[in-house]
Amino acid sequence: MQKIEKERMRKIEGGLKIVADCILVFIPLVAIVGILDLPSHFGVSLFLEQYIGIIVGLILAASFIFFPVKGGQNKVPFYDLIFALLSIVIGLYVSVNYEQIGIDIGILKAERIILGSLSVFLFVEAARRQVGMVFVVIASVVIAYALLASYFPAGLKAKSVPFFNLITYLYLDSHGIFGIPIRVGTTLVLVFILFGSVINAIGIDRFFNDIAISIMGKYRGGPAKASIFASGLFGMISGSAVANVVTTGSFTIPLMKKMGFNPAFAGAVEAVSSTGGLIMPPIMGAAAFLMATYIGVPYREIALSAFIPAILYYLSVFVQVDSRAAKDGLKGLDPSELPKLLTVVKKDWPFLIPFFVLICTLFFLWMEPETSGLLSIIASVILAFIIKDKTGITFKKIFHILRQTGMLVLEIGVTCGVAGIIIGALTITGLGLSFSSFLVSLAHGKLFLLLLFAAIGASILGMGMTVTASYLLMVAVIAPALENVGVSPLLAHFFVFYYGVLSFLTPPVCLACYAAASIAGTKIWHTAINAMRLGIVAYLVPFIFAYKPALLLQGSSVDLVEAIFFAIIGVNVLARGLEGYLFRPLGALSRIFLIGAGVITMVPGYTFDMIGLTILLPVTIYHWKKAKKERL
């Protein structure tokens, strides 16, 4: 994956590299200044949107400098330099004229039409270079529809929007490019990307690996279990599936192969474990922060709601790994090869301080997420300098951290900008509402059919796009349909969020599997098929919590206990059925019974719980007795 990323980007040298690096560094710096509103301490009052205008210009400019029209081009052509300069102008216009824009946004002006046309073109072209053609095609189709809606047949027919009006709306309206996605992506999400970059640079990822291997390494299939543990820990704060794979997988995948795991299975374990970081609190990636903003609830509520499904996800992976190791007769690592847990904690316990700050400020002091993130970053940097001999921190390294953060924000910023274009065009034409009504009509108002259509649509649209892009599209066209049939906004958004995350595991475009397969030295499709089986819970749980909201901590305490208890049983049984091991290797018929029992037990309702247990108990007792006899 790193190789692919390097091939996509230019290798810039000389004076232009200094300029480009400074642009990247200024992206997080401007965001920090804006979030903390530092100029206000000197009597200068600015709106946050004015800082965002500057950040957007920097993101677009850097995109055209670093990403060529096609791979393999290192020299920056004159037209990309022109695009970069125009990008700065586009952002500065909004920043400088923000107050006036709020007063006369409906008035058409020549400079706004010109800059609006350029902004739409530049964002779409930057997305083509970074995100891929799928997103670009969708944006182009939606824009074309807005311009030609009067010519469509009944059901899709709407009033066409004049070109000048549409361009001005997309450029300057709060539902367009500078809407919720770009505001969240360039502030809140950026802060946590910076946090992830800081902890990665000072070596906390190695601390996670040591903790994981010391706890899990001695058990059967130990390296695979350590991979689950380490990837979950690192994923909780990195928010990037591919980064998780590359960071922890380079250590855990070779260990899994050494212990006897099939390379494709080893790669799948890492891909699934790393992708789980996107649904594991406290930090769940850009889409989760966007979800909190769209629903209008504090982020901590999103994080708490996600906790139980995330535990079920990792439980399923853990049980499947344990069953595979038992079936294949794999052992754990020799105790002499393992670091001692107490030694690791005693030596590196200060690395826990930034997470303590994050948890306390976010969940106990009820601070805003961006404030919690900035305080955690400050704590990390102070800690890094205090234990400089371990972290190797220098001011030069801080510059590189800021640069890396700026680079990581490029794709998110461009994605959010194009999502704003799509959402703006859907809003001004009403197509989003029309499509939602069409889905409800197609499903005849049946919730299960609508959920099925939503899952299929999310899986298709998620191919070739990031989780953020997929989620933003689903929010515009599918989440409203779910809300129309009585699904609460929280459940509807979580549903589409989960299927956006699954794009990292679902072929043909499954970026986490690509990265894991390259490290494991195996075929992508073999890794992806194993990953889909290991991540089966993520495909099922959204349907479960749509009917059983208690899994998202919605409902009474009794509902919560019942939902969690039977969900744990169902996940455990399903995982063992998929791997074909319960006390002993299972035949095809027993596996079918276990898979059926697991799925039925997870279906909402006491009747289904009892049916599942009725199927499960005889199979469990039979194989327990058989295994006991075989050991004699």
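This passage describes salt bridges and one buried helix in a predicted model.

A search of the whole structure returned 15 salt bridges. Three of them are described here in turn: R129 with D80, R128 with E125, and K390 with D348.

R129 pairs with D80, and the closest N and O atoms are 3.0 Å apart. The two residues sit on separate helices. R129 belongs to helix 6 (residues 110-130) and D80 to helix 4 (residues 78-96), so the salt bridge ties together parts that are 49 residues apart in sequence. Neither partner is left partly exposed: both R129 and D80 are buried.

The adjacent pairing stays inside helix 6. R128 forms a salt bridge with E125, with 2.9 Å between the closest N and O atoms. R128 and E125 are 3 residues apart in this helix, a separation of about one helical turn. An α-helix has 3.6 residues a turn, so residues three or four places apart point the same way. The partners differ in burial. R128 is partly exposed, at a relative accessible area of 27%. E125 has a relative accessible area of 14% and is buried, because it falls under the 20% cut-off.

The K390 and D348 side chains also meet in a salt bridge, at 3.4 Å from N to O. This contact again links two helices. K390 lies in helix 20 (residues 388-391), whereas D348 lies in helix 17 (residues 341-348), so the pair ties together parts that are 42 residues apart in sequence. K390 counts as partly exposed, with 34% relative accessibility. D348 is buried, and its relative accessible area is 7%.

Some of these pairings do not stand alone. Salt bridges with shared partners join R10, D80, E125, R128 and R129 into one network. The network thus includes both partners of the R129 and D80 salt bridge, as well as both partners of the R128 and E125 salt bridge.

Burial was also examined along helix 15. This helix spans residues 286-295, and 7 of its 10 residues are buried, so it is largely enclosed by the rest of the structure. The buried residues are A286, A287, A288, F289, L290, M291 and A292. G296 follows helix 15. The phi angle of G296 is positive, near 85 degrees.

Methods. Residues are numbered from 1 along each chain as its sequence is written. This is a predicted model: local features need pLDDT of at least 70, side-chain atom pairs count only at pLDDT 80 or more; totals for chains, interfaces and linings use all residues. Side-chain values use heavy atoms; hydrogens and water are left out. A salt bridge is a side-chain nitrogen of Lys or Arg within 4 Å of a carboxyl oxygen of Asp or Glu. Helices (H or I, at least four residues) and strands (E, at least two) are DSSP runs, numbered from the N terminus. Buried means under 20% relative accessible area, exposed over 50%, partly exposed in between (1.4 Å probe, protein chains only).
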